[in-house]
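Biologist: I'd like to go through this one label by label. For each label, tell me the rule first and then the value.

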Amino acid sequence: MYDPNNIFARILRGELPCHKVYEDADTIAFMDIMPQSDGHVLVLPKEPAAEIFDLSERAAQAAIRTTQRVARAVRSAFQPDGMSIGQFNGAAAGQTVPHVHFHIVPRHADRALRGHASEPQSPEVLKAHAARIVEALRQLEGEARS
Ligand code: 5GP
């Protein structure tokens with residue numbers, strides 16, 4: 001059962017703010033407010049679905065397409081050694097917000113991750129990180145067109 005008042009549903013309706021880095025007809029991507037590393041982004045299909053099992057094939061395709069696109073920009077902006085891309089289904093798997101989302105988490109060989117959903121980042125820092133990702137997306141899409 002989908003809860004239409006979960007935090008991400010409210011962000012999708014514009015009732016709560018977010019630091020958005022990308023949006024199209026089917027998906028949105030914004031900064032995680034408790035990032036496990038700098039540049040931690042969440043990608044959501046707009047379709048109301050709590051878990052990946054509930055998503056239509058079209059929404060699943062759109063979500064993974066946006067995840068790849070935004071992950072490329074995060075990689076370009078933050079130059080990590082690697083990147084974790086993950087998605088949790090159900091409280092037992094660590095899901096805390098019941099609207100499907102993909103985590104894009106930059107990884108650095110010499111730095112441990114911060115805890116999951118545990119350390120809020122300041123709005124100023126999130127805004128600056130979002131701007132770096134938006135600029136990287138702009139550059140990458142410009143390169144793809146030329
Ligand atoms: P989950 O545990 O469901 O896989 O991930 C939920 C994520 O959403 C966590 O990483 C948590 O830090 C993040 N989060 C929780 N509340 C908010 C919020 O209000 N805004 C944003 N941008 N992220 C949130």
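Modeller: Sure, accessibility first: with a 1.4 Å probe and protein chains only, a residue is buried under 20% relative accessible area, exposed over 50%, and partly exposed in between. Keep in mind that this is a predicted model, where local features need pLDDT of at least 70, side-chain atom pairs count only at pLDDT 80 or more, and totals for chains, interfaces and linings use all residues. Residues are numbered from 1 along each chain as its sequence is written, and side-chain values use heavy atoms, with hydrogens and water left out.

Biologist: What makes alanine 117 partly exposed?

Modeller: Its relative accessible area is 34%, which lies between the two cut-offs, so partly exposed is the label. Alanine 117 sits in the loop between β5 and α3. Despite not being a glycine, alanine 117 has a positive phi of about 50 degrees.

Biologist: And which label does glutamine 79 get, buried or exposed?

Modeller: Exposed, because glutamine 79 has 60% relative accessibility and the cut-off is over 50%. Glutamine 79 lies in the loop between α2 and β4, and its phi is positive too, near 50 degrees, in a residue other than glycine.

Biologist: Now the helices. How do you know that the length of α2 agrees with what a helix should span?

Modeller: Helices here are DSSP runs of H or I with at least four residues, strands are runs of E with at least two, and both are numbered from the N terminus. The expected span is 1.5 Å times one less than the number of residues. For the 22 residues of α2 (residues 57-78) that gives 32 Å, and the end C-alpha atoms are 31 Å apart, so the two agree. Helix α3 passes as well: 33 Å is expected for its 23 residues, and its end C-alpha atoms are 33 Å apart.

Biologist: Why are the buried residues of α2 said to be on the same side?

Modeller: The buried residues of α2 are Ala59, Ala62, Ala63, Thr66, Thr67, Val70, Ala71, Ala73, Val74, Ala77 and Phe78. They cover an arc of only 165 degrees around the axis, taking the directions from the helix axis to the C-beta atoms, and that puts them on the same side of α2. The face turned away from this buried side carries the exposed residues Glu57, Arg58 and Arg75.

Biologist: What covers the buried residues of α2?

Modeller: The cover includes β1 (20-23), β2 (27-31), β3 (41-45), β4 (82-86), β5 (102-107) and α3 (123-145). From its own side, α3 has the buried residues Leu126, His129, Ala130, Ile133, Ala136 and Leu137, and these pack against β1, β2, β3 and α2.

Biologist: What makes threonine 66 buried?

Modeller: A relative accessible area of 2%, so threonine 66 falls under the 20% cut-off. Contact means heavy atoms within 4.5 Å. Leaving aside neighbours within four places in sequence, threonine 66 contacts Tyr22, Asp24, Thr27 and Val43.

Biologist: Why is the pair of phenylalanine 8 and phenylalanine 30 given its name?

Modeller: Rings of Phe, Tyr and Trp (its six-membered ring) pair if their centres lie within 6.5 Å; planes under 30 degrees apart count as stacked, over 60 as edge-to-face, and the rest as tilted. That rule finds 1 aromatic pair. The centres of phenylalanine 8 and phenylalanine 30 are 5.5 Å apart and the planes are at 75 degrees, so the pair is edge-to-face. Phenylalanine 8 is in helix α1 (residues 7-12) and phenylalanine 30 in strand β2, so the pair ties together parts that are 22 residues apart in sequence. Both rings belong to buried residues, with phenylalanine 8 at 8% and phenylalanine 30 at 2%.

Biologist: Where does the charged end of arginine 132 sit?

Modeller: Over the ring of phenylalanine 78, 4.1 Å from its centre. The rule wants NZ of Lys or CZ of Arg within 6 Å of the ring centre and within 35 degrees of the ring normal.

Biologist: Last one: which residue does UniProt list for "active site"?

Modeller: His101, from an unreviewed entry, and such annotations may be inferred rather than shown by experiment. Histidine 101 is in the loop between β4 and β5, and at 7% relative accessibility it counts as buried. Beyond four places in sequence, histidine 101 is in contact with Phe8, Leu42, Val43, Leu44, Gly86, Gln87 and Gln95.
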